[in-house]
Amino acid sequence: MPHACPPFNASATDGEGLFSSVEGQELLDELTRYRRDLHRIPELDDDLPRTIAYVRSVFSGLSCDVLEPCKGAVCAFFDLGRAETVAIRADMDALPIHEASGAAFSSEHPGRMHACGHDGHMAMALAAATWVDRVVRGAGGTTKAEQLPRNVLFVFQPAEETTGGAKRVCESGVFERYRVTRIFGMHLWPDLPAGSLASRPGPLLARSSETTITFHGVSSHIAKWKDGRDALGAAARFVVGSKWLSRKLEQDEPFLLRFGHMTAGTVRNAVAGQARVEGSLRVFSDDMFARAQDEVRALAQTAADEEGCTFDLHFSEGYPPVVNDGTLFGEAAQVLPELERVPEPLLIAEDFAFYQRYLPGVFFLLGTGTGIPLHADTFNFDERVLLRGVRAYQRLLLGA
């Protein structure tokens, strides 16, 4: 059976008459078309030919320059003759998940699914781009001078779910070339009420680093365990100690160190000669990342010494933390009075963080109200929540 979305709370987003006007219905129709078209053709990592072709087909009818700054990325630049440019970011890649939502517009690619809302992110950015185009062309008697204080660059990136396509976009030089001074992005969020918009100044999402420890011992029959060096024992000591360490460090700032996979030994009646522990470290500052690396290394050394083992420890570079620029957040909050505050940083990771290392940026969470977890094979949402996202982008482009 399809996993149905709960009833949509229109009052959460109807403050601007989004559903009562002809314009609102036309925008909803546009968003729904984009979202469902893209949902049907999910692609992975940097290999996004159909997705890029679809995005380019929308841009082809607009008054913008279209470029591909790096592999798997496509951008649209609206030149209004301004000294500065504001960027809007959307991510294009999907996940290697077999869809079980039961939606009429389900994935046409077996084993691939837009289970993280990237189809919705793209739909909002495309709809915002068509709105900018109408402003640039002076639709409705307005002029671009009266409307938009900055040029606009729409960034559609690859590989958010895998290798951090945002970093390659930054390294391409596209922001310097087009004088980008600020960037905004948005993520659908099932745990928030449908249509609500939330964020916070400063740390919002975590730095994620895959953490792997391999303990090397000496195997022996368990009847002669004194002749061996118990790698499994060292790993067990380490995992138990990591919980104590996590509780210690989270007293200073939000922190997570957890291990979900461990392999060791060959048979039940032999001391394990090797054990491997795999998990994740998540922090919100470079200082804590450096401190955590030292603390984890010391813990591994203690566990290894107690069993007479040695160890190898590896931290992946991962994504930086998503840290919203305080000044830009204040400007955004002025034009988005409905913006709610996330009380504490969240331990999810997102490669939007790379943009914030290059220029001021603010990342928002847009509620779907479904409660269906991101990356679930039943993930789905009501497209009406996307109206709130587009309206937010419009006001940010006009005033933040």
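This is a chat about the fold of a predicted model.

Visitor: Quick overview first: how many helices and strands are in the chain?
Guide: The predicted model has 11 helices and 14 strands.

Visitor: And what box do the C-alpha atoms fill?
Guide: Roughly 90 × 45 × 40 Å, taken along the principal axes.

Visitor: What share of the residues is buried?
Guide: Buried residues make up 56% of the 400 in the chain. As for contacts with a separation of 6 or more, 80% of them come from residues 24 or more positions apart.

Visitor: OK, sheets. What's the strand order in the open sheet with 8 strands?
Guide: The order is 1-2-4-3-5-14-6-13, with mixed pairing. Strand 1 (65–67) and strand 13 (340–341) are the edges, each pairing on one side only.

Visitor: How do strand 1 and strand 2 pair, and over how many bridges?
Guide: They're antiparallel, with 3 bridges between strand 1 and strand 2 (residues 74–78). Val66, for instance, stands opposite Ala76 in strand 2.

Visitor: Which strands of the sheet does helix 2 touch?
Guide: Helix 2 packs on strand 1, strand 2 and strand 4 (151–157), and its direction makes about 15 degrees with that of strand 2. Helix 11 (residues 385–399) packs on that sheet too, touching strand 3 (85–91), strand 4, strand 5 (180–189), strand 6 (197–199) and strand 14 (361–367). The direction of helix 11 makes about 165 degrees with that of strand 5.

Visitor: Back to helix 2 for a sec. Which of its residues are buried?
Guide: In helix 2 (residues 49–59), those are Thr51, Ile52, Tyr54, Val55, Val58 and Phe59. They cover an arc of only 160 degrees around the axis, so they sit on the same side of helix 2.

Visitor: Now the open sheet with 4 strands. Is the pairing parallel or antiparallel?
Guide: Antiparallel, in the order 9-10-8-11. Its edge strands are strand 9 (256–264) and strand 11 (310–315). On average, neighbouring strands in this sheet are turned by 15 degrees against each other, ignoring direction.

Visitor: How many bridges join strand 8 to strand 10?
Guide: There are 10, linking strand 8 (residues 207–216) with strand 10 (residues 274–283). Glu210 stands opposite Ser280 in strand 10.

Visitor: Which strands do helix 7 and helix 8 lie across?
Guide: Helix 7 crosses over strand 8, strand 9 and strand 10, at about 170 degrees to strand 9. Helix 8 lies across strand 8, strand 9, strand 10 and strand 11, at about 160 degrees to strand 11.

Visitor: At what angle do those two helices pack?
Guide: About 145 degrees, with the axes of helix 7 (residues 231–249) and helix 8 (residues 286–307) 9 Å apart. Their crossing is right-handed.

Visitor: What kinds of residues make up that contact?
Guide: It divides into 11 nonpolar, 3 polar and 6 charged residues. On the helix 7 side they include Arg237, Phe238 and Leu245, and among those in helix 8 are Arg291, Val296 and Leu299.

Visitor: Last one: Val239. Why does it count as partly exposed?
Guide: Because its relative accessibility is 21%, and buried means under 20%.

Visitor: Where does Val239 lie, and what is it in contact with?
Guide: Val239 lies in helix 7. Setting aside neighbours within four places in sequence, Val239 is in contact with Met262 and Val277. Val239 and Leu257 are 18 residues apart in sequence, with 9.8 Å between their C-alpha atoms.

Technical notes: Residues are numbered from 1 along each chain as its sequence is written. This is a predicted model: local features need pLDDT of at least 70, side-chain atom pairs count only at pLDDT 80 or more; totals for chains, interfaces and linings use all residues. Side-chain values use heavy atoms; hydrogens and water are left out. Axes are lines fitted to C-alpha atoms, for helices over the stretch in contact, and angles run from 0 to 180 degrees between N-to-C directions. A crossing is left-handed if the near helix is turned anticlockwise from the far one by less than a right angle, and right-handed if clockwise. Contact means heavy atoms within 4.5 Å. Ala, Val, Leu, Ile, Met, Phe, Trp, Tyr, Cys and Pro count as nonpolar, Asp, Glu, Lys and Arg as charged, and the others, Gly among them, as polar. Two strands pair if DSSP finds at least two bridges between them. Buried means under 20% relative accessible area, exposed over 50%, partly exposed in between (1.4 Å probe, protein chains only). The arc is that of the directions from the helix axis to the C-beta atoms.
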